[in-house]
Amino acid sequence: MLSEYYYYLIKLLVLGCKVYHNQFSCISMSDIKQVIVVRTDLDMGKGKIAAQVGHASVLGAEHVRKSNSAWFEEWWNGQEKVVVKVSSLKELEEVKKGAIELDIPWSEVTDAGHTQIAPGTTTCISLGPAPEEKIDKITGELKLL
């Protein structure tokens with residue numbers, strides 16, 4: 001029969017927790033997410049928005065893979081993403097400022113201008129992947145796209 005210690009140790013490992021020298025870290029997938037914030041004032045078509053969101057997600061994930069591998073690894077298996085909207089560049093800049101203040105990794109997408117938008121236009125940003133409680137302090141009140 002397993003001792004109570006080993007029972008809980010195995011349970012933590014099954015839940016996906018990391019255990020090091022009798023200390024553990026357990027962040028479930030729902031605790032790490034990525035949020036993409038899209039400008040709606042640009043009147044982008046659905047396909048254009050999808051492409052910009054894709055760029056933001058990949059840029060953000062790669063940024064976090066290099067800068068905070070623990071967050072990236074926790075996020076990678078489920079890859080939770082949420083897409084929200086703002087109505088102006090000013091609002092997007094406020095979100096970015098909040099990310100900087102809370103030390104949340106962010107990435108900005110600037111369009112090349114080949115199709116619907118002028119070159120150099122900022123279309124969206126990604127926040128994270130990062131802990132949900134940090135990101136929600138900035139984006140929790142924004143509406144879904």
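Two strands pair if DSSP finds at least two bridges between them. Helices (H or I, at least four residues) and strands (E, at least two) are DSSP runs, numbered from the N terminus. This is a predicted model: local features need pLDDT of at least 70, side-chain atom pairs count only at pLDDT 80 or more, and totals for chains, interfaces and linings use all residues. Residues are numbered from 1 along each chain as its sequence is written, and side-chain values use heavy atoms, with hydrogens and water left out.

**View 1. The whole protein holds 5 helices and 6 strands.**
Read from the N terminus, the order of elements is α-β-β-β-α-α-β-α-β-β-α. Of the 145 residues, 36% are buried; buried means under 20% relative accessible area, exposed over 50%, and partly exposed in between (1.4 Å probe, protein chains only). Contact means heavy atoms within 4.5 Å. Among contacts with a separation of 6 or more, 72% join residues 24 or more positions apart.

**View 2. Confidence has its low point in strand β2 and its high point in helix α4.**
The score is pLDDT, the predictor's confidence in each residue, from 0 to 100. Its mean over the protein is 88, and 79% of residues reach 70 or more. Strand β2 (residues 23–25) has a mean of 54. Helix α4 (residues 89–101) has a mean of 98. Where pLDDT is low, the predicted coordinates should not be read in detail.

**View 3. Four strands form an open, mixed sheet.**
The strand order is β4-β3-β6-β5. The edges are β4 (81–86) and β5 (106–110), and each of them pairs on one side only. Neighbouring strands are turned by 20 degrees against each other on average, direction ignored. Axes are lines fitted to C-alpha atoms, for helices over the stretch in contact, and angles run from 0 to 180 degrees between N-to-C directions. Strands of a sheet pair through backbone hydrogen bonds, either parallel or antiparallel.

**View 4. Strand β6 pairs with β3 and with β5.**
β3 and β6 are antiparallel, over 6 bridges. β5 and β6 are also antiparallel, over 5 bridges. On the β3 side, I36 stands opposite S126. On the β5 side, S126 is the bridge partner of S107. Elsewhere in β5, W106 stands opposite L127, and E108 faces I125. β6 is mostly covered: 10 of its 10 residues are buried.

**View 5. Side chains alternate along β5.**
In a regular strand the side chains alternate between the two faces of the sheet. S107 and V109 point to one face and are buried. W106, E108 and T110 point to the other face and are not buried.

**View 6. Helices α2 and α3 pack on the sheet and lie across its strands.**
α2 (residues 46–67) touches β3 (32–39), β4, β5 and β6. Its direction makes about 40 degrees with that of β6. α3 (residues 69–76) lies across β3, β4 and β6. The helix α3 runs at about 90 degrees to β3.

**View 7. α2 meets α3 at an oblique angle.**
The two axes come within 6 Å and cross at roughly 130 degrees. That crossing is oblique, because angles under 35 degrees count as roughly parallel, over 145 as roughly antiparallel, 65 to 115 as roughly perpendicular and the rest as oblique. From α2 come A61, V64, R65 and S67; from α3 come S69, W71, F72 and W75. These contact residues divide into 5 nonpolar, 2 polar and 1 charged. Here Ala, Val, Leu, Ile, Met, Phe, Trp, Tyr, Cys and Pro count as nonpolar, Asp, Glu, Lys and Arg as charged, and the others, Gly among them, as polar.

**View 8. T122 is a buried residue of strand β6.**
The strand covers residues 122–131. The relative accessible area of T122 is 10%. Leaving aside neighbours within four places in sequence, T122 contacts R39, L42, L89, L92, E108, V109 and T110.

**View 9. M44 sits in the loop between β3 and α2.**
M44 is buried, with a relative accessible area of 10%. Not counting residues up to four places away in sequence, M44 touches V38, R39, I49, Q52, Q116, I117 and T123. M44 and Q116 are 72 residues apart in sequence, yet 6.9 Å apart in space, C-alpha to C-alpha.

**View 10. D136 is a partly exposed residue of helix α5.**
The helix spans residues 132–139. D136 has 31% relative accessibility. V35 lies 101 residues away in sequence from D136 and 9.1 Å away in space, C-alpha to C-alpha.
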